[in-house]
Amino acid sequence: MIKYNIEGGNLPVVICYPEAGQTVCCEGGSMSWMSPNMRMETSAGGFRKAFGRLFSGESIFLNEYTAMGAEGMIAFASSFPGSIIPYRVTPGNGIIVQKGGFLAMEKGMELSVWFQKKLGGGFFGGEGFIMQRISGDGLVFLEIDGYCKEYTLGVGQTVIVDTGYLAAMTDGCTMDIESVKGIKNKFLGGEGFFNTRITGPGKVYIQSMPIANTASCLIPYLPFDPHNDAHDGPSPFRF
């Protein structure tokens, strides 16, 4: 297994130290810095795998970085304030991740598309009908928006998650949606109409600051786009 350190606090970066011959895979543009003995090779891994990655919101191509001749060093920084968590994938014990949650992994593992078994969970649960599944045997690093809280659920144990807060769950977990009870709660509670119910056994990773929620909070504070004529009234940027 590749050696690594996670540094940076709320602006994290994972620094990997592959031994000679070991390979780390990531999406294009994910590498932040590396030692000069890291050799890069771009691969699609076959049409089926490439199409699955594209369908799940990732790039068609993966970059493979191999340490040549001696131990190497390569770093992958988070694209958003939050957390980077390592997860050890073993055969039959994969992990299901939100779109955009994959950061890097050891070579030999597979990143594929994962569909909700129940349509309701995808259309109303807020986690998306399509997620990503990482399987195989090795170490994967996941990018989490904000603080990451981990729960281990036993058989039949559940946790209810608001829209967008589910970051990842292990293969044994199942996802479903449930309606918020009560008309007043639905329309006046401010929590929406549906919540996501995750049922064990397995681990659940919940994020404290979904990027979509953060973006919606920032919109009222953003200036008008000087090239957008759709807004009402004169633009403060036009002269």
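Contact here means heavy atoms within 4.5 Å. Keep that in mind for the close-ups below, and remember that the model is predicted.

**View 1. Gly 82 and the residues it touches.**
Gly 82 lies in strand β8. With a relative accessibility of 6%, Gly 82 falls under the 20% cut-off, so it counts as buried. Skip the neighbours within four places in sequence, and the contacts of Gly 82 are Gly 9, Asn 10, Pro 12, Ile 144, Asp 145 and Gly 146. Glu 143 is worth finding here too: Gly 82 and Glu 143 are 61 residues apart in sequence, yet their C-alpha atoms are 7.6 Å apart in space.

**View 2. Ile 85, in strand β8 as well.**
Stay in strand β8 and you'll find Ile 85, which is buried at 12% relative accessibility. Beyond the neighbours within four places in sequence, Ile 85 is in contact with Val 140, Phe 141, Leu 142, Ile 144, Cys 148 and Tyr 205. Take Cys 148 from that list: it sits 63 residues from Ile 85 in sequence, and the two are 8.2 Å apart in space, C-alpha to C-alpha.

**View 3. The largest nonpolar core, plus another one.**
What does the largest nonpolar core look like on the residue level, and which residues have the most contacts inside it? It has 19 residues, and the ones with the most contacts inside it are Ile 95, Met 105, Ile 134, Val 140 and Leu 142. Several strands chip in: β8 (82-89), β9 (95-97), β10 (102-106), β13 (138-145) and β16 (166-170) each supply at least two residues of this core. Apart from this core lies another, of 15 residues, with Val 14, Cys 16, Met 38 and Ala 104 among them. As a bit of background, nonpolar side chains tend to be buried together in soluble globular proteins.

**View 4. Ile 95 and its surroundings.**
Now zoom in on Ile 95. Leaving out the neighbours within four places in sequence, its contacts include Tyr 87, Val 89, Leu 142 and Tyr 205. Gln 132, Arg 133 and Ile 134 also touch Ile 95, as do Ala 168, Met 169, Thr 170 and Asp 171.

**View 5. Strand β12 and its partners.**
Is strand β12 (residues 130-135) mostly covered or mostly uncovered? It is mostly covered, with five of its six residues buried. One partner is β9, which pairs with β12 in the antiparallel sense over three bridges; look for Val 97 standing opposite Gln 132 in β12. Another is strand β11 (residues 110-115), joined to β12 by six bridges and also running antiparallel to it. To place that pairing, find Leu 111, whose bridge partner in β12 is Ile 134.

**View 6. The four-stranded open sheet.**
Follow the order β1-β2-β7-β4 and you have walked across an open sheet of four strands with antiparallel pairing. β1 (3-7) and β4 (31-34) stand at the edges with a single partner strand each, so one side of each has no neighbour in the sheet. From one strand to the next, the twist averages 20°. The partner of β4 is β7 (residues 74-77), and this antiparallel pair has three bridges. A handy spot to look at is Met 34, whose bridge partner in β7 is Ile 74.

**View 7. The three-stranded open sheet.**
Here the order is β15-β18-β17, in an open sheet of three strands with antiparallel pairing. At the edges stand β15 (158-161) and β17 (174-179); each has a single partner strand, so one side of each is left without a neighbour in the sheet. The twist averages 30° from one strand to the next. Six bridges join β17 to strand β18 (residues 194-199), running antiparallel. Asp 176 is a good landmark, standing opposite Arg 197 in β18.

**View 8. Two cysteines, and the disulfide count.**
How many disulfides does the structure hold? The count is zero. Cys 148 is buried, with a relative accessible area of 14%, and Cys 173 is buried at 4%.

**View 9. Zooming out to the whole protein.**
To put the close-ups in context, the protein has four helices and 19 strands. Of its 239 residues, 43% count as buried. Look at contacts between residues at least 6 apart in sequence, and 76% of them join residues at least 24 apart. The protein exposes about 12900 Å², with carbon and sulfur atoms supplying 59% of that area.

How values were computed: Residues are numbered from 1 along each chain as its sequence is written. This is a predicted model: local features need pLDDT of at least 70, side-chain atom pairs count only at pLDDT 80 or more; totals for chains, interfaces and linings use all residues. Side-chain values use heavy atoms; hydrogens and water are left out. A nonpolar core is a set of buried Ala, Val, Leu, Ile, Met, Phe, Trp, Tyr and Cys residues joined through side-chain atoms within 4.5 Å. Buried means under 20% relative accessible area, exposed over 50%, partly exposed in between (1.4 Å probe, protein chains only). Two strands pair if DSSP finds at least two bridges between them. Axes are lines fitted to C-alpha atoms, for helices over the stretch in contact, and angles run from 0 to 180 degrees between N-to-C directions. A disulfide is a pair of cysteine sulfur atoms within 2.5 Å. Accessible areas come from the Shrake-Rupley method with a 1.4 Å probe; for residues, only the protein chains shown count as cover.
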